[in-house]
Amino acid sequence: MTSLLWTLIFLQIAMGAFDTLFHHEFTERLAWRKSQAKELKLHAIRNGFYGLIFAGFGWLEFHGLFAYGLLTLLAIELIITLMDFVEEDRSRLLPASERVAHTLMALNYGSILVLLVPVLLGWGKNPSALVGADYGPVSWALLASAIAVTLFGLRDWFASLRLAKMPTDDAGGLLAAGAKRKAVLITGGTGFVGSKLVAALASAGHDVTVLTRNIARAKELAAPVKLITDLSQLPDDTKLDAIVSLAGHPIASGLWTAKHRRKVMLSRLHMNRRLRKLVDRLELKPEVFLNASAIGVYGIAQAQPVDESHVIAPDGSFSNRSCAAVEHEASKMQALGVRTINLRIGLVLDTAGGPLAQMLVPFDLGAGGRLGSGQQWMSWISRDDLVRLIDHCIRDTTITGPVNATAPTPVQNKTYAKALGRAMHRPALIPLPALILEKVLQDFAKELFLGSQNILPIAALQS
């Protein structure tokens, strides 16, 4: 075993750890995607092999038949990896960073085999025996890697069993059947909320058109829809009953730098202006325009309950400033005779995405807890209820103006953390101090994680 071979092995371990933590756990969240149950089982079996291989290499030399047995194990592991590649391509769209990681790992693994196979063949010439070996810190590092990879393998196996019991995320039946058929244009239809809305409306028999920049991703929508890449593709005689604008640069896609904030605000402002130009040239105006805003419009220090009647006042926060600007732009649609609704959306909860999905991994690993003091209020809504509320706003002609899209029971963060831990059968005892959040995420943490918003959906309840 040469120093070069050890270096390549530890490089493979490091890349594998990065792929597991960054992609499988935090960005792709495979343990909570029902479609990935088979992939998780393959990961679990492969990790079991890795555990044996790492521990064996750290403390043993495999002589005689044991060497050929290890070669067989490596061949089986390679077959499982190829099966995993096929399953990944079949069941999900891999992000570019994960494809790059897989390519680098495949190349590095090939280099390891080129150096390792001659060693094993040399050991195979000796009498069959497991000969003890001690490489000092290298042996202990391999043992630690073996334990870690085995634990993650067990997690993946039990996660695949959990996924088998989870209900299918089916939008069929989410909306009332038999309602008058509507023609709906949706921007942001491939996002977390938009994809479920598109599926629900299409399943209920409505004609859905999705404006998207990513046709490949839009083709994954689980619904028969019309796809367009530009509003100019809609002729002047297009009949639209409703427009739902959910598009915009993702708020939580990075640190809140000046450039990021500008993209967040301008993407929404420009979309509303483009939609207003569309409506202005349409021969038949749509009945209703729903603009996705957020409860951030009320500010980030609302400990007392507020509703739609609350007077919006500047508080210096980006959430307040950007939401107010976008709502002002959206309200110009009223001048064209279109019923306009500013949907002020709270924290949207679902295992498929949003803040709940971000919390699932740390809570699942037993590292969950309150954020900061835990005293801050969280105004939330389930994704399914938000989809139903949007449909309700489209159909109920009495609804106009601001509508708070939140459940009528806001909770404090400490209560939410306890409830999530209880639901997942995990402790919720490890708080994340406000100082760390503010140091790492700055204003992003202050507004989205530590800000207090006690919002009541009076308009929705009254209708």
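In the predicted model, arginine 276 has a relative accessibility of 23% and therefore counts as partly exposed, the buried class ending under 20%. The residue lies in helix α8, and its side chain forms a salt bridge with glutamate 329, with the closest N and O atoms 2.6 Å apart. This pair joins distant parts of the chain, since glutamate 329 belongs to helix α9 (residues 318-331) and the two partners are 53 residues apart. Glutamate 329, in contrast to its partner, is classed as buried because its relative accessibility is 5%.

A second salt bridge connects glutamate 287 with lysine 182, and here the closest N and O atoms are 3.0 Å apart. Both partners are located in loops: glutamate 287 in the one between α8 (258-281) and β7 (288-294), and lysine 182 in the one between α5 and β3 (183-187). The pair links distant parts of the chain, with the two positions 105 residues apart in numbering. Glutamate 287 is partly exposed, because its relative accessibility is 35%, whereas lysine 182 is buried at 10%.

A third pair consists of arginine 99 and aspartate 89, whose side chains meet in a salt bridge with an N to O distance of 3.4 Å. Arginine 99 is placed in helix α4 (residues 96-124) and aspartate 89 in helix α3 (residues 65-91), ten residues apart. With a relative accessible area of 39%, arginine 99 is partly exposed. Beyond such individual pairs, a network of salt bridges links Glu28, Arg33, Glu39, Glu88, Arg92 and Glu98. The count of salt bridges in the model comes to 25.

Helix packing was examined for two pairs. Helix α1 (residues 3-27) packs with helix α5 (residues 137-165) at an angle of about 30°, and the axes of these helices are 12 Å apart. Because angles under 35 degrees count as roughly parallel, α1 and α5 are assigned to that class. Their crossing is left-handed. From α1, the contact involves Trp6, Ile9, Phe10, Ile13, Thr20, Leu21 and Glu25, while α5 contributes Val138, Ala141, Leu142, Ser145, Phe152 and Arg155. Classified by side chain, the contact of α1 with α5 comprises nine nonpolar, two polar and two charged residues.

Leucine 8 is also found in helix α1. This leucine is buried, with a relative accessible area of 14%. When neighbours within four places in sequence are set aside, leucine 8 is in contact with Asn108, Ser111, Ile112 and Leu115. The C-alpha atoms of leucine 8 and isoleucine 147 are separated by 19 Å, and these residues are 139 residues apart along the chain.

In the second packed pair, helix α6 (residues 192-203) and helix α11 (residues 383-395) meet at an angle of about 60°, with 10 Å between their axes. The two helices are therefore oblique to each other, and α6 passes α11 in a right-handed crossing. On the α6 side, Phe192, Val193, Ser195, Lys196, Leu197, Ala200 and Leu201 take part; on the α11 side, the participants are Arg383, Asp384, Leu386, Val387, Ile390 and Asp391. By class, the contact of α6 with α11 contains eight nonpolar, one polar and four charged residues.

Conventions. Residues numbered from 1 in each chain as written. Predicted model: local features only at pLDDT ≥ 70, side-chain atom pairs only at ≥ 80, totals over all residues. Heavy atoms only, no water. Axes fitted to C-alpha atoms, helices over the stretch in contact; angles between N-to-C directions. Helix = DSSP H or I, 4+ residues; strand = E, 2+ residues; numbered from the N terminus. Parallel < 35°, antiparallel > 145°, perpendicular 65-115°, else oblique. Left-handed = near helix turned anticlockwise from the far one by under 90°. Contact = heavy atoms within 4.5 Å. Nonpolar A, V, L, I, M, F, W, Y, C, P; charged D, E, K, R; others polar. Salt bridge = Lys/Arg side-chain N within 4 Å of Asp/Glu carboxyl O. Buried < 20%, exposed > 50% of the residue type's maximum accessible area, 1.4 Å probe, protein only.
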